[in-house]
Each structure stands twice: as C-alpha cells, then as structure tokens.
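Hi,

Here's the structure I said I'd send over. Have a look at it first, and then read on for what I found.

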Amino acid sequence: MPDTPKYSRVSQPLYAVIIMDIIDSRSMPDRDDVQQQLKEVLSMINRNFSVEIAADFRISLGDEFQGMLSRFNSLMEIVDTIRFKMAPVRLRTGIGIGSISTAINRKNITQIDGPAFYLARESINIIRTNEMKNSQPKLDFVISCNEFPQQIALLNSCLALSKVIESRWSEKQRKAVETMLYSDLSQKEGASRLAVTPSGIQRQLKNADYYNYKFARDQMQQTLSDFGSAEK
C-alpha cells in the first residue's frame, strides 16, 4: 500500500516566509558592523540552501530581513544558522506557513505577497506583544499557520521551552552547540574544530542540555518536513 500522508492534503502549495529583525538595533554602538555581518550571513544562507529557497533572504526594512522557502526540510537549520552566526545579537523570528497570491520573484522578495506573509507578520507581532506582558511567555521565535493548528501549537511550545535552555548557555556552551547541532561531526572532530579536548566539549554539551535541545530540534524539523507531504 502507498504511504498515507500524516496530514490532510491542502489545496495550494505551501511556502514558509521567514521574517527576522534585530532587537534593540538602534542602541548598538557597532550597528554598521552588525549590518555588514548580517549581509554576509544572508549571502551564505542563499548559497548553501538555494535548493529550498524560493525567494532569497535580503534586508527589507531597516534592521528587518526576509526570505521564503518552498521546501521545509532545512527550515530549522536555516533559522538557527542565522541566529547562531549573528550571536550575541538577539533576533526576533516570525515564520508564516501558507499560500502565495502573487508571482514569485526569486531576487526580490518585497514584490511577493500572500497569506504566508501575513502569517509571518502575525508571528512577529505576537513576539512584540508578549515582550510587554508579564503574564505571557517571552518568545523570540513563533510559527503561524492556519492549516495545522494543533501541530503549530506544539511547535511553539517546544520553541518557548528551547528558549529557556538557550538563556542559560555560556558563550562556550553556545559555540559547542552551534558546532555540533546540524553537523555530522563526532565529538572528537567537534573538539578539534573548537581547539578543546573531547572531554571538554562533552562537558560543555552536557551542561548546555544539548541532548534535550537537539531532540526537540529534530522533532520540530521532522514535523515541519511532514507538512510538505500534505501538499497536493
């Protein structure tokens, strides 16, 4: 028997619009350097993930930048790569998964529009609203989608709990997690890359709750990848 999709099929192709912006950018003394770093990171993302990208990542408004994916198999890796490479700069990340109403211009995302963009903007607004409310979770990464409400709620719960883990990382722990999370490196190879001992990187990963964090990231990525099987 053929494989049965995990989710009901949807009537139109789904795209993931990613909107990210720099938190407190106006107060940064080295804002020009951060902008240049961001341009380099986005250029690297556009090269390394070109197969999944429907519209290249580019700075769209001030310190806000956008990109659009037609495939979701590396969505978490793309977002986390940007977040890791820009650290310690803090970013808001809003993702909208939905349809597109206009023609797609790969080189100019600002000419594209549709529900996926509205949902991504909604995600950013949720983050900003919650920042001002003590009784709400302090999020910096939200996903919105009308097609799979239960799965999206679980994804956002995982993202909120992941933020708690991230908030406890030292710089060394963050570097260890960045090195290992989406690589095929052994701990010995990762240690060599960071110029530390294997026991040193093992200790950093353990103290960073890396294995719980990686498990959550893997499950989130699998769920997002499965959304693609729901397309007609």
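Let's start with Ile97. Leaving out residues up to four places away in sequence, Ile97 touches Leu14, Tyr15, Ala16, Phe72, Leu119, Ile143, Ser144, Cys145, Asn146, Leu224 and Phe227. Bear in mind throughout that this is a predicted model. Ile97 belongs to strand S4, which covers residues 91-98, and its relative accessible area is 0%, so it counts as buried. One of its contacts, Leu14, is 83 residues away along the chain, yet the two C-alpha atoms are separated by 6.3 Å.

Which residues touch the most other members of the largest nonpolar core? They are Ile82 and Ile97, out of the 39 residues in that core. Ile82 has its own list of partners: once neighbours within four places in sequence are set aside, it is in contact with Met20, Val41, Leu42, Ile45, Phe57, Phe65 and Leu91. As background, nonpolar side chains in soluble globular proteins tend to be buried together.

Next, the helix pairs, beginning with H2 and H8. Their axes come within 8 Å and cross at roughly 130 degrees, so the two helices are oblique to each other. On the H2 side the contact is made by Leu75, Met76, Glu77, Asp80 and Arg83, and on the H8 side by Tyr213, Arg217, Met220, Gln221 and Leu224. Sorted by class, that contact of H2 with H8 has 5 nonpolar, 1 polar and 4 charged residues. You'll have met Leu224 already, in the contact list of Ile97.

H2 also meets H5. Here the axes come within 11 Å and cross at roughly 145 degrees, and the crossing is left-handed. H2 brings Asp80, Phe84 and Lys85 to the contact, while H5 brings Arg174, Val177, Glu178 and Leu181. The class split for H2 with H5 is 3 nonpolar, no polar and 4 charged. Asp80 is worth clicking on, as it appears in the contact with H5 and also in the one with H8.

H5 (residues 171-181) then pairs with H6 (residues 187-194): their axes come within 10 Å and cross at roughly 130 degrees. That crossing angle makes H5 oblique to H6, and the crossing is right-handed. The residues that meet are Lys175, Ala176, Thr179 and Met180 from H5, and Gln187, Gly190, Arg193 and Leu194 from H6. By class, the contact of H5 with H6 comes to 3 nonpolar, 3 polar and 2 charged residues.

Now for the loops. Is Ser74 buried or exposed? It sits in the loop between strand S3 (64-69) and helix H2 (75-86), and with a relative accessible area of 13% it is buried. Not counting residues up to four places away in sequence, Ser74 touches Phe49, Glu52 and Gln221. Gln221 is one of the H8 residues in the contact with H2.

Met28 is another buried loop residue, with a relative accessible area of 18%. Its loop runs between strand S1 (15-22) and helix H1 (31-48). Apart from neighbours within four places in sequence, Met28 is in contact with Ile22, Ile23, Val34 and Val89. Of these, Val89 lies 61 residues from Met28 along the chain, and their C-alpha atoms are separated by 9.4 Å.

A few backbone details to check on your side:

- Ala87 and Pro88 are joined by a cis peptide bond, with omega at about 10 degrees. Pro88 is in the loop between H2 and S4.
- Ala195 has a phi near 60 degrees, a positive value in a residue other than glycine. You'll find Ala195 in the loop between H6 and helix H7 (198-207), and it is exposed, with a relative accessible area of 70%.
- Asp209 is not a glycine either, but has a positive phi of about 55 degrees. Asp209 is in the loop between H7 and helix H8 (210-227), and it is partly exposed, at 33% relative accessible area.

That's what I have for now. Shout if anything looks odd at your end.

Cheers

Technical notes:
Residues numbered from 1 in each chain as written. Predicted model: local features only at pLDDT ≥ 70, side-chain atom pairs only at ≥ 80, totals over all residues. Heavy atoms only, no water. Axes fitted to C-alpha atoms, helices over the stretch in contact; angles between N-to-C directions. Helix = DSSP H or I, 4+ residues; strand = E, 2+ residues; numbered from the N terminus. Parallel < 35°, antiparallel > 145°, perpendicular 65-115°, else oblique. Left-handed = near helix turned anticlockwise from the far one by under 90°. Contact = heavy atoms within 4.5 Å. Nonpolar A, V, L, I, M, F, W, Y, C, P; charged D, E, K, R; others polar. Core = buried A, V, L, I, M, F, W, Y, C linked by side-chain atoms within 4.5 Å. Buried < 20%, exposed > 50% of the residue type's maximum accessible area, 1.4 Å probe, protein only.
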